[in-house]
Amino acid sequence: MHKDSIPATQPAAHPGGAASPAALKMDAHWMPFTANRQFKAAPRLLAKAAGMHYWTPEGRQVLDGAAGLWCVNAGHARPRIVKAIAEQAQEMDYAPPFNMGHPKSFELAERLVELTPAALNKVFFTNSGSEAVETALKMAIGYHRARGEGSRTRLIGRERGYHGVNFGGISVGGIVGNRKTFGPLVPGVDHLRHTHDLARNAYSRGVPEHGADLADDLERMVALHDASTIAAVIVEPVAGSTGVLLPPKGYLQRLRAICDKYGILLIFDEVITGFGRLGSPFAATHFGVTPDLMCVAKGITNGCVPMGAVFATQAIHDAFMTGPEHLIEFPHGYTYSAHPLACAAALGTLDTYAEEELLTRAAKMAPVFENALHSLKGVPNVIDIRNIGLVGGIELQPIAGDPGKRAFNVFLECWERGVFIRTTGDTIALSPPLIVEESHIDQIVSTIADVLKKHA
Ligand SMILES: Cc1ncc(COP(=O)(O)O)c(C=O)c1O
């Protein structure tokens, strides 16, 4: 099926004329979300990618168990996407997005809204997930104001939520390490409790039984603040970056119902769950819960060119469409919103997803993936296993007094053994490209098992 997963020849060392790794100077680049000193002391470099694999500059093959960073859903270097980007770069490099347009952004928007729940029929383009989140939060507050409910400015997030790194995102987000350094953040934000419940839900296959009632926290916020002050609640339908936390059965439905009861907008952050990760185009379609605003990024271009987007309902869009027609209705946007290269990449990506039925492939592979992951039950230091679609979380017992170290060590050793995984805290988070085959899943899981057993 995926013939281009395996390149015919081994990639050359140092492709693209890059400096040999030994000659690379690493001082200047301050790396994001990286243990910079540890990395520079023992660098892990990637030089080439195709299908399910990366290659190091020395030509060592590494299986990608994380779809890059939850984004390369169709696998690496897919021909249609590569061609689309190359042709677009030749044809038109850039077009200003303010008061000007280019055909591909309109074509892309139409194609995208064919995939979303019918109510989400407007698309606003950004360049990242973080920007999509900021955009959605501003849309929510602006929408209420435009309707004459300007007092609705409060935003509700959730503990352990990840919504990118900008001020709005870390304010509604709930990852303490991302918040504590940066002062008082955006005012007027509150948080629902997170849904992780190891005592009752450990080793659930798919969504856990217990915890739908945690959605009632929103009722408590209404009781405390009054609905007339609350603009929106934002959640990841499946929380990824905090370590793969699935919504308890009925939780998202309950959240939707409470939002409806009080006129609060529901925002789904689908930056990870969007584009097939759960076995359906979006978590909204998977769970049958339609939010009012939906943030995406990552898989929208298969990770090839930065792009994000916010889907909005007609009602939210229309609330802004007032006033003199020559005036800007929503004073927001980015120099690179709907960048031609990103649009071309996204169109190539959607073609690839459609041709190979990748937006539903995770549903087919999910039973194989689930069984393989749950075979790790009983392996030393595994304390929980969580899975949905092609997302897996393996939670490890932290080393006493050294949180995160055990999982980081597993990450390092898997890398040495030719498997790239992602870890966050003491959870291994797996999200292979959606073209993954059973043999790849076996390799990922057996490598993790071997490493954990060795360090028992
Ligand atoms: C749910 C969620 N929201 C937002 C973001 C931020 O996206 P970006 O890194 O593209 O800004 C991420 C990134 O992992 C994410 O997982």
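Which residue just after α13 takes a positive phi? In this predicted model, that residue is E357, with a phi of about 50 degrees. The helix before it, α13, covers residues 340-355. With 16 residues at 1.5 Å a residue, α13 should span 22 Å, and its end C-alpha atoms turn out to be 23 Å apart, so expectation and model agree. As for its surroundings, 13 of the 16 residues of α13 are buried, so the helix is largely enclosed by the rest of the structure.

Stepping back to the whole chain, the protein is divided into two parts: domain 1 takes in 3-73 + 359-454, while domain 2 runs over 82-355. Their C-alpha centres lie 26 Å apart. Where the two meet, 31 residues of domain 1 are in contact with 27 residues of domain 2. On the domain 1 side, at least two residues each come from α2 (67-70), α14, β11, β12 and β15. The top contributor there is α14, which gives six residues. Sorted by class, this side of domain 1 has 13 nonpolar, 12 polar and six charged residues.

Several of those elements turn up again in an open sheet of four strands, ordered β11-β12-β15-β14 and paired in antiparallel fashion. At the edges stand β11 (382-388) and β14 (422-424); each has a single partner strand, so one side of each is left without a neighbour in the sheet. On average, and with direction ignored, neighbouring strands here are turned by 20 degrees against each other. Further in, β12 (residues 391-396) and β15 (residues 427-430) run antiparallel and are joined by four bridges. Within this pairing, G393 sits opposite A429 in β15. Packed on the sheet is helix α14 (residues 361-374), which touches β11 and β12. The direction of α14 makes about 180 degrees with that of β11.

Parallel pairing shows up elsewhere, around strand β7. This strand spans residues 230-235, and six of its six residues are buried, so β7 is largely enclosed by the rest of the structure. What does β7 pair with? One partner is β5 (residues 154-158), which runs parallel to β7 and is joined to it by three bridges. Here I156 stands opposite V233 in β7. Another partner is β8 (residues 265-269), again parallel, with four bridges to β7. In that pairing, V235 faces F268 in β8.

Technical notes
Residues are numbered from 1 along each chain as its sequence is written. This is a predicted model: local features need pLDDT of at least 70, side-chain atom pairs count only at pLDDT 80 or more; totals for chains, interfaces and linings use all residues. Two strands pair if DSSP finds at least two bridges between them. Axes are lines fitted to C-alpha atoms, for helices over the stretch in contact, and angles run from 0 to 180 degrees between N-to-C directions. Two residues are in contact if their C-beta atoms, placed from the backbone, lie within 7 Å. The expected span of a helix is 1.5 Å times one less than its number of residues. A residue is buried if 20 or more other C-beta atoms lie within 10 Å of its own, exposed if 12 or fewer, and partly exposed in between; C-beta atoms are placed from the backbone. Domain bounds come from an automatic or database domain assignment. Ala, Val, Leu, Ile, Met, Phe, Trp, Tyr, Cys and Pro count as nonpolar, Asp, Glu, Lys and Arg as charged, and the others, Gly among them, as polar.
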